[in-house]
Structure formats: C-alpha cells, structure tokens
Amino acid sequence: MFEFAWPWVFLLAPLPWLLRLLLPPADSGEAALRVTFLAELESLSGRRARLRLPGWRQQAPFVLLWLLLLSAAARPEWVGEPRPLPTSGRDLLLAVDVSGSMEYADMQWQGETISRLELVKRLLGQFIEDRQGDRVGLILFGSQAYLQAPLTFDRQTVRIWLEEAMIGIAGKNTALGDAIGLALKRLRQRPAQSRVLILVTDGANTAGEIDPQVAARLAAGEGVRIHTIGIGADPQQDGLPGLLGLTPGLDLDEPSLRTIAAETGGTYFRARSTEELNAIEETLDRLEPVAQTPTQARPARPLYAWPLATALLLSLLSVARTLWPPRARPGGSRR
C-alpha cells in the first residue's frame, strides 16, 4: 500500500505564493523597454521573448518542481502486509570475564593452544547466533562491570562486540558480584519467566562492592536464573606454572559458582571443550519461553528517491533551457 509517512508536509504548498504576497518584488536595477513590434525583434534575434508565454505556462515548471520536492519530503513509501516478529520471550544476558587471568593460554581448540578469552569468543560466538528469537545482551567485567550491549534482537552486533573484547578493558581483577548486580538491574523489568544470565569466569571474586552470594540471593528473589561457566584447564592437565609458580587452573572458585547456580535454579558448567558448551545450549533450549504479546511489523520500502530524482532532472532541464533557449523559426516566432 502506498502512503506518505509525513503527509503534513503538504501544508507547506502555499508557502511560495505567501512569500510573493508578503515580500516586496525584487528590483533588478535595469530599465524595461516595451515595444509594439516584438514579433519582428524575435525573428531578427532568433530568440523568444518570455513575456509572450501565458502566466500559467511560466509558472507550471516551478509549481511542478515545488510539488515534487514536497512529495519527497513527505517520505513516500510502499508499506507491505504486517509480518510477525519471531520472539520467544527469553531475555538472555552474557556476563564475560575479561580480567588479566583470561589471557592465560591453557586451552585447546582444534589442536591449537589459545587463551581463555579466545576460547570464550569462539565457543559463544556461534551460540549467540543461534539464539534466534531471544533478546541477547553482553556484560564485560573485570575490576568493574560494564554493559557492552543492551538486550537486543541484533545478535550479529552482540557477537561482534564480544569478538572485540580485550583483556583488562574493565580492570585486572574479578568482580563477580558486581556483574550479577548489573545484570539484575537490566533484567528486573522483563517478565520473570524469561530472565536468564550466563556468567563466564576463570577465577574467584577478588573485587567489587557486592558479594557474589548476596547477589545470587537477590537474583533468586527477582526470578533471574543464572548459569555459571568455569573457564580453565584442569590443574593436572596444565603443566605450565603461572606467575610466581602458581597454577592458574587452581584460581577457579568452582564451589562459589556451583552455589550461585544452585541458588537461582541454574546449572554450573565447566567449559573445557565444545561438547561441554553444547550442554549449556541444550539446557537453555529446554527453558520454557514465556508468552508475550505478539509483535508485528510492516516492512516499508522508501520511494522518496523517485520524486527527488524527477525534481533534479526538471531543474537541469530548466537551467539548460535558460542557457540555450530555443531559437525562433525564420519568418516568424514559435508557438
């Protein structure tokens, strides 16, 4: 169906005539000569006098040009039939640890040794793409927690921002409680059955103002289900000593992560392989989506380029006619 998005623009149609009535006429500063033998002068000069044209013919091109510009400004568009938007009702936030320890390269991916954050990017990248119908958001946390991407259906953008996450961008420590608190702030306005948080970390809580256990109890009270993912190789699999001889695999506080998940009705996972992350996806797929009001959208195809292009072509023709006026035929003037 054809329609104008801003039809009120046509109220400006009388504006040129109002300006002509209100403003004084322009004075060219040149004297005008009126003669009774205009036809003979046109024949001799080979040019046509504009005063010979009726008034409406003089104004018609400019009226048409003005109407075309108004039509383009009114945003003409072709609106299609309403289409339902695919929504499952889930609001899923990812909270990813970007503290200094996530840089430790003790993970394996297709025979390649990579850092823990790189494993998270590779494992969760496709996971985000598969959340069709879910609103997905991203929180990055270290010493502090930041909302990198609000809840949105634009999963591709969320994945790009996850790919661009850098070690230490939020500080070198780990504030688990603050990450949960920020997620609660974003999820509490959503339907209770759809609130899901996936918390990914490789260490214990070493920063922040909120205790993770307290944050977990608050999340349980708000109906937020938290799935926790522990990143890092098992200590017995990691033969490389870390800084000062400590083994980074021992920093993971699995008891706290298990408690947080159990407190909110979620599940704790240990991410060491693709298979273990697939278990998370299967668990989320079993969540019963909450029924929400169906959302519909009508696709609109803009058409303003057509009247705008026509106005430009008409302007060029008018300029060309002024620069190269039609010559009168020998022995008389053109009609």
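This is a chat about the helix packing, sheets and salt bridges of a predicted model.

Biologist: Let's start with the helices: how do the axes of α4 and α5 cross?

Modeller: In this predicted model, the axes of helix α4, residues 116–129, and helix α5, residues 155–163, come within 9 Å and cross at roughly 175°. That angle makes α4 roughly antiparallel to α5, since angles over 145 degrees count as such.

Biologist: Which residues meet there?

Modeller: From α4 the contact takes in V120, K121, L124, G125, Q126, I128 and E129, and from α5 it takes in R155, Q156, V158, R159, L162 and E163. By character, the residues of this contact divide into 5 nonpolar, 3 polar and 5 charged.

Biologist: Is there a salt bridge with R159, and if so what is the partner, or is that the wrong way to ask? Put simply, which residue forms a salt bridge with R159?

Modeller: The partner is E129, with the closest N and O atoms 3.8 Å apart. This pair links distant parts of the chain, with R159 in helix α5 and E129 in helix α4, 30 residues apart. R159 counts as partly exposed, at 23% relative accessibility.

Biologist: And I160, where is its place?

Modeller: I160 is in helix α5, and it is partly exposed, with a relative accessible area of 37%. Its C-alpha lies 9.7 Å from that of K121, a residue 39 positions away in sequence.

Biologist: Switching to sheets, what is the strand order in the one with 6 strands?

Modeller: The order is β8-β7-β4-β9-β10-β11, in an open sheet with mixed pairing. At the edges stand β8 (145–152) and β11 (268–271), and each has a single partner strand, so one side of each is left without a neighbour in the sheet. On average, neighbouring strands are turned by 15° against each other, direction ignored.

Biologist: How many bridges join β10 to β11?

Modeller: There are 4 bridges between strand β10, residues 225–231, and β11, and the two strands run parallel. Within this pair, I231 stands opposite A271 in β11. Helix α8, residues 254–264, packs on the sheet, where it touches β9 (195–201), β10 and β11, and its direction makes about 160° with that of β10.

Biologist: What about the sheet of 3 strands, which way is it paired?

Modeller: That one is also open, in the order β1-β2-β13, and its pairing is antiparallel. Its edge strands, β1 (2–4) and β13 (300–302), each pair on one side only, and the twist averages 35° from one strand to the next. Strand β2, residues 76–79, pairs with β13 over 3 bridges, and V79 stands opposite A300 in β13.

Biologist: Back to charges: how many salt bridges does a search of the whole structure find?

Modeller: The search finds 8. One of the pairs is E222 with R188, where the closest N and O atoms are 3.0 Å apart. E222 lies in helix α7 (residues 212–222) and R188 in the loop between α6 (176–187) and β9, so the pair ties together parts that are 34 residues apart in sequence. Both residues are partly exposed, E222 at 26% and R188 at 41% relative accessibility.

Biologist: And which residue meets E254 in a salt bridge?

Modeller: R258 does, at 4.0 Å from N to O, and both residues lie in helix α8, 4 residues apart, which is about one turn of the helix. E254 is partly exposed at 22%, and R258 counts as partly exposed at 48%. Elsewhere, salt bridges that share partners join R188, R195 and E222 into one network.

How values were computed: Residues are numbered from 1 along each chain as its sequence is written. This is a predicted model: local features need pLDDT of at least 70, side-chain atom pairs count only at pLDDT 80 or more; totals for chains, interfaces and linings use all residues. Side-chain values use heavy atoms; hydrogens and water are left out. Axes are lines fitted to C-alpha atoms, for helices over the stretch in contact, and angles run from 0 to 180 degrees between N-to-C directions. Angles under 35 degrees count as roughly parallel, over 145 as roughly antiparallel, 65 to 115 as roughly perpendicular and the rest as oblique. Contact means heavy atoms within 4.5 Å. Ala, Val, Leu, Ile, Met, Phe, Trp, Tyr, Cys and Pro count as nonpolar, Asp, Glu, Lys and Arg as charged, and the others, Gly among them, as polar. Two strands pair if DSSP finds at least two bridges between them. Buried means under 20% relative accessible area, exposed over 50%, partly exposed in between (1.4 Å probe, protein chains only). A salt bridge is a side-chain nitrogen of Lys or Arg within 4 Å of a carboxyl oxygen of Asp or Glu.
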